[in-house]
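Q: Can you walk me through this one? I'd like to start with the vocabulary.

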Amino acid sequence: MVSPKIAPSMLSSDFANLAAEAKRMVDLGANWLHMDIMDGHFVPNLTIGAPVIESLRKHTDAYLDCHLMVTNPMDYVEQMGKAGASGFTFHIEVAQENWQELVRKIKSAGMRPGVALKPGTPVEQVYPLVEGATPVEMVLVMTVEPGFGGQKFMPTMMDKVQTLRQKYPTLDIEVDGGLGPSTIDAAAAAGANCIVAGSSVFGAPQPGDVITLLRESVEKASSPTT
Ligand code: DX5
Ligand code: ZN
């Protein structure tokens, strides 16, 4: 029922050639482009914001899967919507109080709302957001501590993915951090269908082969067994 979405993380791309890098990934079969927005406060790293999304949007029609690692996601909704973001995924750790309003605003700004959880955050915290009157449309299970590319995949996070998949068969479930040829099968078997991959794609001699391998693993795990 859910389809694979392979989302190269542009954090690992050459930021000075972002438009060309985006085109290269789409041409190699990427479904989405994962954009890591970091504010230097929620995470100890500073990356890009709405102006860069706006510039990139002029060069691509691709789905821009924006992952907001920021302390005040509400402050970014309007500008990200205007810039042309497609998905807006905020962290539950900073939206306990106002997630309902936040999700409403994201939708009315024309974006698809998603919620992310850090490795230490219990999965139960996102249930109300998936089941709410205005629900989120994706849950992002972090498989590393957010902040940097190139970290080691945490296999223990697969329990969260499995729990979510059992509870919500048609939900988009994304995994982010340390995904690549050696870890994809665990994530796919647990039920993840949206796969973010930075260093394993951009660091490969043939990034297209890695994208294909990731997609095939998700397809294989989600096809009905006979
Ligand atoms: C980490 C970011 C990730 C990161 C993934 O905080 O959210 O999207 O770019 O990079 P890899 O695939 O190298 O772990
Ligand atoms: Zn990310």
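A: Sure: buried means under 20% relative accessible area, exposed means over 50%, and partly exposed is in between, with a 1.4 Å probe and protein chains only. By that rule Tyr127 is buried, and so is Tyr168.

Q: What kind of model is this, and how does the numbering go?

A: This is a predicted model, where local features need pLDDT of at least 70, side-chain atom pairs count only at pLDDT 80 or more, and totals for chains, interfaces and linings use all residues. Residues are numbered from 1 along each chain as its sequence is written, chains are lettered from A and ligands numbered from 1 in the order in which they are written, and side-chain values use heavy atoms, with hydrogens and water left out.

Q: OK, what's the strand order in the sheet?

A: The open sheet has 8 strands in the order β1-β8-β7-β6-β5-β4-β3-β2, with parallel pairing. Strands (E, at least two residues) and helices (H or I, at least four) are DSSP runs numbered from the N terminus, and two strands pair if DSSP finds at least two bridges between them.

Q: Which are the edge strands?

A: β1 (5-8) and β2 (32-38), each pairing on one side only. β2 pairs with β3 (residues 63-69) in the parallel sense over 7 bridges, and Trp32 has Tyr63 in β3 as its bridge partner.

Q: How are the rings of Trp32 and Tyr63 arranged?

A: They're stacked, because the centres are 4.4 Å apart and the planes are at 20 degrees. For the cut-offs, rings of Phe, Tyr and Trp (its six-membered ring) pair if their centres lie within 6.5 Å; planes under 30 degrees apart count as stacked, over 60 as edge-to-face and the rest as tilted. Trp32 is buried too, with a relative accessible area of 4%.

Q: How many aromatic pairs does the structure hold?

A: There are 2. Besides the pair above, the rings of Tyr127 and Tyr168 are edge-to-face, because their centres are 6.3 Å apart and their planes at 70 degrees. That pair links distant parts of the chain, 41 residues apart: Tyr127 is in helix α5 (residues 127-131) and Tyr168 in the loop between α6 (158-167) and β7.

Q: Switching to the metal: what coordinates the zinc ion (ligand 2)?

A: His34 (NE2), Asp36 (OD), His67 (ND1) and Asp176 (OD) do, at 2.1 to 2.3 Å. Donors here are N, O and S atoms within 2.8 Å of the metal (3.2 Å for Na, K and Ca), and water is not among the atoms, so sites may look incomplete.

Q: Where do Asp36 and Asp176 lie?

A: Asp36 is in strand β2 and Asp176 in strand β7 (residues 172-176), so the pair ties together parts that are 140 residues apart in sequence. Asp36 is buried, and so is Asp176.

Q: And Leu140, buried or exposed?

A: Leu140 counts as buried because its relative accessibility is 0%. Leu140 is found in strand β6 (residues 138-142). Leaving aside neighbours within four places in sequence, its contacts (heavy atoms within 4.5 Å) include His67, Thr89, Val115 and Asp176.

Q: How many residues of β5 are buried?

A: 5 of the 6, so β5 is largely enclosed by the rest of the structure. β5 runs parallel to β4, joined by 5 bridges, and Thr89 has Gly114 in β5 as its bridge partner.
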